[in-house]
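Got the viewer open? Here is a short tour, one selection at a time.

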Amino acid sequence: MTNDITELKRVSSQVRRDIVRMVHGCQSGHPGGSLGCTDFLVALYFSVMKHQPVPFDMDGKGQDLFFLSNGHISPVFYSVLAHSGYFDKAELGTFRKLNSRLQGHPTTHEGLPGVRIASGSLGQGLSVGIGAALAKKLNGDDALVYTLHGDGELQEGQIWEAMMFAAHNKVDNLIATVDYNGQQIDGPTSKVLSLGDLHAKWAAFGWDVLETQGNVMEALLATLTEAKSRTGQGKPVVILMHTEMGYGVDFMMGSHKWHGVAPNDAQLAQALAQLEETLGDY
Amino acid sequence: MKKYTYTDKKDTRSGFGAGLLEAGKQNDQVVALCADLVGSLKMQDFINAFPERFFQVGIAEANMMGIAAGLTIGGKIPFTGTFANFSTGRVYDQIRQSIAYSDKNVKICASHAGLTLGEDGATHQILEDLGMMKMLPGMTVINPCDYNQTKAATIAIAKHHGPVYLRFGRPVVPIFTDPDQKFEIGKAWMVNEGKAVSIFATGHLVWEAILAGEQLAEEGIDAEIINIHTIKPLDEEAILASVRKTGCVVTAEEHNRLGGLGDSVAQVLAKHYPAPQEYIAVNDSFGESGTPEQLMTKYGLDSKHIVIAAKNAIARKQK
């Protein structure tokens, strides 16, 4: 665990290399959202969360837990789990291939350490996070539960059921986060189905709402620290993270077009030239 | 025909309520959730005994399934309670991904299944739930027949690790099984031994099968009646042993004939011992409003229809 910004940025650079290489390696997957959420997941796993990769314990008693609700950004999740020590990074090369534990979308079914719920069908992870948070309260476990959601994912109705429940039941050991990049498969969320005033909506549902720059490590750490300080006060906490889909690879940024498209050989080379190899490629 | 009598009638959902309370006493990891149907699901006694282990989620079944999945992470054994329709069709994807595919130890407890929900009509009378649930890999599917068996099943599933669908109903029905029975998941219960025809019944249809067996006995037909309370895993051994003896089959269930017990039995027979089979089930239609008795008669699920089906099965065997 570290608060060293330089070190965290070095991890982010390697994770981004892994993402584009993994997606290129199987010519499928979702690089855009993965790149946009890299800084957040690195901050969470390398600085913020109290967690024990080995031996992996599904119940995670005494540990902070993370649930990836927008399961399609599995490349960033897998890379961060591997570099955190949950499994050997060599396994990243099996992503989306036959007989792999690294399924297209995360699953517990193949026994991959670090994954506690299957996700991919959107909108379910907030409910799961609430359940895990309630179990922690029943167990007298003061560790926290984190969830991550795409902003497009918030169009799913179950999210709003869960938002209502968490506030009503004062699930205040839960920090939800939103990848607020304004993009989804068919285009900008503002055109597909506008989220409106998202900050006001979460607040109206009874949540303590924070916003941050999701691709600025210093801002992320400060906001996550602030979010932790606001737990235990009767309200669930949400962080709206303003991110850019494809962040870190110039030609993938600023568009929804790299949501679920793999780079070709030339594009891979172009991407890797922008991302320093810091921890060794898998 | 073995004589079955009863002194009392109760609803199977009350058996669930009693079983949930007992499971809660036996294991403090048992927790319960309900989507605004505490009275209908008979969960109040559990809530009174263990208020901190109960979660009212409101009318939000999808969220309830997700929360239940999350509660297992931390060692809890969640029992969800709502009507069968809202326990399955409404939340199929949540069960599929967050519970079944995620291997979570959630007990999905579903009341008001089938036609006997009665006057509320087809919007609430789900007849497809057994099929949906049995198709999920790893899911155990149980449909007990009376108050005592539902109570015993509820206690038993708390001790079973893995996702379970427990189906029960609304109306009062005779209590004819042992109050102290040991409920063994996946183990069929021999109701009556016979040689002429095998009647495999589940849920409320077990009592109807007993009434049919008595009628058949009066006519000199010796029916074997087996209670298949566990649809999955199916007791193939008991089914095949019976059919090897009788040579023909009636399956009886309060469910669409597509995808329920009948199809599970047919699959076993097709592979191991082809035999004439008659279905007592709803003939691929929705239900409608009416009293439970009226509906069971109109849709061909009562003992009279089982008698006719048994004779038809026997006739086909003799060709």
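Domain bounds, as used on this tour, come from an automatic or database domain assignment. Keep in mind as you click around that this is a predicted model.

**Stop 1: the two domains of chain B.** Select residues 9–174 of chain B and colour them; that is domain 1 in the assignment, and residues 189–318 make up domain 2. Measuring between their centres, taken over C-alpha atoms, should give you 25 Å.

**Stop 2: where those domains meet.** How many residues of domain 1 of chain B are in contact with domain 2 of chain B? There are 28 on the domain 1 side, and they touch 31 residues of domain 2. To see what supplies the domain 1 side, pick out helix H7 (129–134), strand S6 (140–142), helix H8 (147–158) and strand S8 (172–174) of chain B, the elements that each give two or more residues to it. Now colour that side of domain 1 of chain B by residue class: you'll find 14 nonpolar, ten polar and four charged residues.

**Stop 3: an annotated stretch.** Staying in chain B, select residues 10–175, which UniProt lists in an unreviewed entry as "domain: Transketolase-like pyrimidine-binding". Over this stretch of chain B, 41% is helix and 19% is strand. Click on the C-alpha atoms at its two ends, and they turn out to be 7 Å apart.

**Stop 4: chain A as a whole.** Switch to chain A and show it as a cartoon; its secondary structure comes to ten helices and seven strands. Along the principal axes, the C-alpha atoms of chain A fill a box of roughly 50 × 45 × 35 Å. A compact globule of 282 residues would have a radius of gyration near 19 Å, and the 17 Å of chain A agrees with that. Of those 282 residues, 54% count as buried. Among the contacts in chain A with a separation of 6 or more, 76% are between residues 24 or more positions apart.

**Stop 5: helix H5 of chain A.** Zoom in on residues 125–138 of chain A. At 1.5 Å a residue, the 14 residues of this helix should span 20 Å, and its end C-alpha atoms are indeed 20 Å apart. Is H5(A) enclosed or open? Twelve of its 14 residues are buried, so the helix is largely enclosed by the rest of the structure. Show side chains for some of the buried ones, including A:Leu126, A:Val128, A:Ile130, A:Leu134 and A:Lys136. The buried set also includes A:Gly125, A:Gly129 and A:Gly131.

**Last click.** After H5(A), go to A:Gly140, where phi is positive, near 65°.

Note on methods:
Residues numbered from 1 in each chain as written. Chains lettered and ligands numbered in written order. Predicted model: local features only at pLDDT ≥ 70, side-chain atom pairs only at ≥ 80, totals over all residues. Helix = DSSP H or I, 4+ residues; strand = E, 2+ residues; numbered from the N terminus. Expected span 1.5 Å × (residues − 1). Buried ≥ 20, exposed ≤ 12 C-beta atoms within 10 Å, placed from the backbone. Contact = placed C-beta atoms within 7 Å. Nonpolar A, V, L, I, M, F, W, Y, C, P; charged D, E, K, R; others polar. Rg over C-alpha atoms; globule rule 2.2 N^0.38 Å. UniProt positions renumbered as here; feature names shortened; annotations may be inferred.
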